[in-house]
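The following exercises concern strand pairing, helix packing and charged side chains. Each task is followed by a solution in steps.

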Amino acid sequence: VFLGNRCIKLGEDGLPDIVIIVPPGGSVLGLEVKSANGTLRPAQKVFRGQLEATGGKYEVVRSLVQAQDAVAKKLGEQEWNRLLASVSVPKHFGPN
């Protein structure tokens, strides 16, 4: 994250861009957001291995739809639908 011209590091090196704690039980889903041809850095590969070794799930996503699909898969259909019914989702993201 940049504050003016200073770079401020947030979190552990390799930590995914989005970390979701999934109830019940608190299992972890890490989402790393990459461009169409972006690749994981070595530290991200290490973190992915550590997370998966402890039962967590790590997904590389390249779009909002892929991110939603990963969360829906982790939550299960019933919980995903309950979540969607409880929030307001904008129809458009970004400029028209």
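**Exercise 1.** Determine which residue in the hairpin of β3 and β4 takes a positive phi.

*Solution.* Four residues lie between the strands of this hairpin, and Gly-25 takes a positive phi near 95 degrees. The model is predicted: local features need pLDDT of at least 70, side-chain atom pairs count only at pLDDT 80 or more, and totals for chains, interfaces and linings use all residues. Residues are numbered from 1 along each chain as its sequence is written, and side-chain values use heavy atoms, with hydrogens and water left out. Helices (H or I, at least four residues) and strands (E, at least two) are DSSP runs, numbered from the N terminus.

**Exercise 2.** Establish the strand order of the sheet and the sense of each pairing.

*Solution.* Step one is the order: three strands form an open sheet, β3-β4-β5, with mixed pairing; two strands pair if DSSP finds at least two bridges between them. β3 (18-22) and β5 (57-61) each have a single partner strand and stand at the edges, so one side of each lacks a neighbour in the sheet. From one strand to the next, the twist averages 20 degrees.

Step two is the sense. β3 and β4 run antiparallel and are joined by five bridges; Val-22 has Ser-27 of β4 as its bridge partner. Strand β4 (residues 27-33) pairs with β5 in the parallel sense, over five bridges. On the β5 side, Tyr-58 is the bridge partner of Gly-30, and Val-61 is that of Val-33.

**Exercise 3.** Describe how helices α1 and α2 are placed on the strands, and give the handedness of the β-α-β unit.

*Solution.* Helix α1 (residues 42-53) lies across β4 and β5, at about 140 degrees to β5. Helix α2 (residues 64-75) lies across β3, β4 and β5, and runs at about 170 degrees to β4. Such angles run from 0 to 180 degrees between N-to-C directions, the axes being lines fitted to C-alpha atoms, for helices over the stretch in contact. The unit made by β4, α1 and β5 is right-handed: with the strands pointing away from the viewer, the path from the first strand over the helix to the second runs clockwise.

**Exercise 4.** Is Lys-34 buried or exposed, and which side chain does the side chain of Lys-34 meet in a salt bridge?

*Solution.* Lys-34 belongs to the loop between β4 and α1. Its relative accessible area is 15%, so Lys-34 is buried (buried means under 20%, exposed over 50%, partly exposed in between; 1.4 Å probe, protein chains only). Apart from neighbours within four places in sequence, the contacts of Lys-34 (heavy atoms within 4.5 Å) include Thr-39, Leu-40, Val-60 and Arg-62. Lys-34 meets Glu-32 in a salt bridge at 3.8 Å, N to O (a side-chain nitrogen of Lys or Arg within 4 Å of a carboxyl oxygen of Asp or Glu). Glu-32 is also buried, at 2%.

**Exercise 5.** State how many salt bridges a search of the whole structure finds, and characterise two that involve Glu-59 and Arg-82.

*Solution.* The search finds four. In one of them, Glu-59 and Lys-57 have their closest N and O atoms 3.2 Å apart; Glu-59 is partly exposed at 21% relative accessibility, as is Lys-57 at 33%. In another, the closest N and O atoms of Arg-82 and Glu-79 are 2.5 Å apart. Both residues lie in helix α3 (residues 77-86), three residues apart, about one turn of the helix. Arg-82 is partly exposed at 48%, and Glu-79 is partly exposed at 27%.
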